[in-house]
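This report describes the fold of a single chain, beginning with the chain as a whole and ending with individual residues.

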Amino acid sequence: NWTGRLRYAPLLNIAILLASVVTFGLAVSYANASIRTPMENQAEVYMRPRPTNSKIIVYSTFMPFFTILQSGLDLSLHFLISLHPIYSLAISSVYFIGWLVQWSIWMHCEISGIGFDNAGKGETCWQVNLDHRKYSMVPMRSSEGVVNGRVGLGAVVIALYVAYFAMALLAVLRNRRGGGKSMKIGTSEMR
């Protein structure tokens with residue numbers, strides 16, 4: 001099913017797995033810092049209340065956690081039964097969309113414009129309302145490396161899924177053109 005140089009495409013899951021493990025570690029660190037940091041005075045109209053601790057953890061770790069599970073399963077299946085490129089095409093497109101949504105939310109709430117005019121963001125991003133003055137573990141100031149690392153690695157995972165998708169698509173197209181192995185079922189031959 002995976003022929004030529006494309007047979008190494010499922011090994012992109014190793015890079016995806018490694019990037020996701022590091023991103024998960026950074027996400028846990030971010031969630032821990034966010035949970036410990038108090039909110040500013042919530043008297044202002046645009047401020048959102050802090051989400052529950054479980055919502056903060058899900059917000060921070062959702063895609064990295066499920067990507068670790070998926071890429072580990074894909075690697076296992078690749079070596080045990082040789083995954084079909086159509087499966088890889090479907091999974092990579094779903095996870096690409098998931099990571100793109102997760103990354104966009106992280107960018108909107110944590111990177112773009114933090115520290116500038118946050119009045120409009122208070123309606124959608126609770127992070128804006130963390131008390132930046134009193135505590136050293138505030139995610140937007142002293143832990144910028146955690147935030148930037150997580151967002152940067154999210155972009156790397158997105159790029160890896162694009163590459164995985166492209167290679168799976170090439171393998172599917174190659175198989176449909178007749179480059180794949182044929183199977184005999186009953187009296188008819190199928191490709």
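The text below covers the overall make-up, the helix packing and then five residues.

**Overall make-up**

The model is predicted. Its chain contains 4 helices and 2 strands, and from the N terminus on these elements follow the order α-α-α-α-β-β. The chain has 191 residues, of which 39% are buried. Its accessible surface amounts to about 10500 Å², and carbon and sulfur atoms contribute 65% of that area. Among contacts with a separation of 6 or more, 77% are between residues 24 or more positions apart.

**Helix packing**

Two packed helices are described by the angle between their axes and the distance between the axes. Two such pairs are considered here.

Helix α1 spans residues 12-36 and helix α2 spans residues 53-81; the two pack at an angle of about 165°, and their axes are 9 Å apart. Angles over 145 degrees count as roughly antiparallel, and α1 and α2 are therefore roughly antiparallel to each other. Their crossing is left-handed. Sorted by class, the residues in the contact of α1 with α2 are 17 nonpolar, 11 polar and 1 charged.

Helix α2 also packs with helix α3, which covers residues 85-111; the axes of α2 and α3 come within 10 Å and cross at roughly 160°. The pair α2 and α3 is therefore roughly antiparallel as well. The crossing of α2 and α3 is left-handed. On the α2 side, the residues that meet α3 are Tyr59, Ser60, Phe62, Met63, Pro64, Phe66, Thr67, Gln70 and Asp74. On the α3 side, the residues are Tyr87, Ile91, Tyr95, Gly98, Trp99, Gln102, Ile105, Trp106, Cys109 and Glu110. By class, this contact of α2 with α3 has 12 nonpolar, 5 polar and 2 charged residues.

**The segment before α1**

Trp2 is located in the segment before α1. With a relative accessible area of 8%, Trp2 is buried, because buried means under 20% relative accessible area. Beyond its neighbours within four places in sequence, Trp2 is in contact with Arg7, Ala9, Pro10, Leu83, His84, Pro85, Ser88, Tyr164, Met167, Ala168 and Ala171.

Ala9 is also placed in the segment before α1. Ala9 counts as buried, at 0% relative accessibility. With neighbours within four places in sequence left aside, the contacts of Ala9 are Trp2, Tyr164 and Met167. Tyr164 and Met167 are also among the contacts of Trp2.

**Residues in α3 and α4**

Arg150 has its place in helix α4, which runs over residues 144-179. The relative accessible area of Arg150 is 0%, and this residue is therefore buried. Outside its neighbours within four places in sequence, Arg150 is in contact with Thr23, Leu26, Ala27, Tyr30, Ser60, Trp106 and Glu110. Of these contacts, Ser60 in α2 and both Trp106 and Glu110 in α3 also appear where α2 meets α3.

Ala159 lies in helix α4 too. Its relative accessibility is 45%, and Ala159 counts as partly exposed. Val101, found in helix α3, counts as partly exposed at 47% relative accessibility.

**Pairs distant in sequence**

The table lists C-alpha separations for four residue pairs.

| Residue pair | Separation along the chain | C-alpha to C-alpha distance |
|---|---|---|
| Trp2 and Ala168 | 166 residues | 8.3 Å |
| Ala159 and Phe96 | 63 residues | 8.6 Å |
| Ala9 and Pro85 | 76 residues | 9.3 Å |
| Val101 and Met63 | 38 residues | 9.5 Å |

Ala168, paired with Trp2 in the table, is also one of the residues in contact with Trp2. Met63, paired with Val101, belongs to the α2 residues that meet α3.

Key. Residues numbered from 1 in each chain as written. Predicted model: local features only at pLDDT ≥ 70, side-chain atom pairs only at ≥ 80, totals over all residues. Heavy atoms only, no water. Axes fitted to C-alpha atoms, helices over the stretch in contact; angles between N-to-C directions. Parallel < 35°, antiparallel > 145°, perpendicular 65-115°, else oblique. Left-handed = near helix turned anticlockwise from the far one by under 90°. Nonpolar A, V, L, I, M, F, W, Y, C, P; charged D, E, K, R; others polar. Buried < 20%, exposed > 50% of the residue type's maximum accessible area, 1.4 Å probe, protein only. Contact = heavy atoms within 4.5 Å. Areas by Shrake-Rupley, 256 points an atom, 1.4 Å probe, with all protein chains shown as cover.
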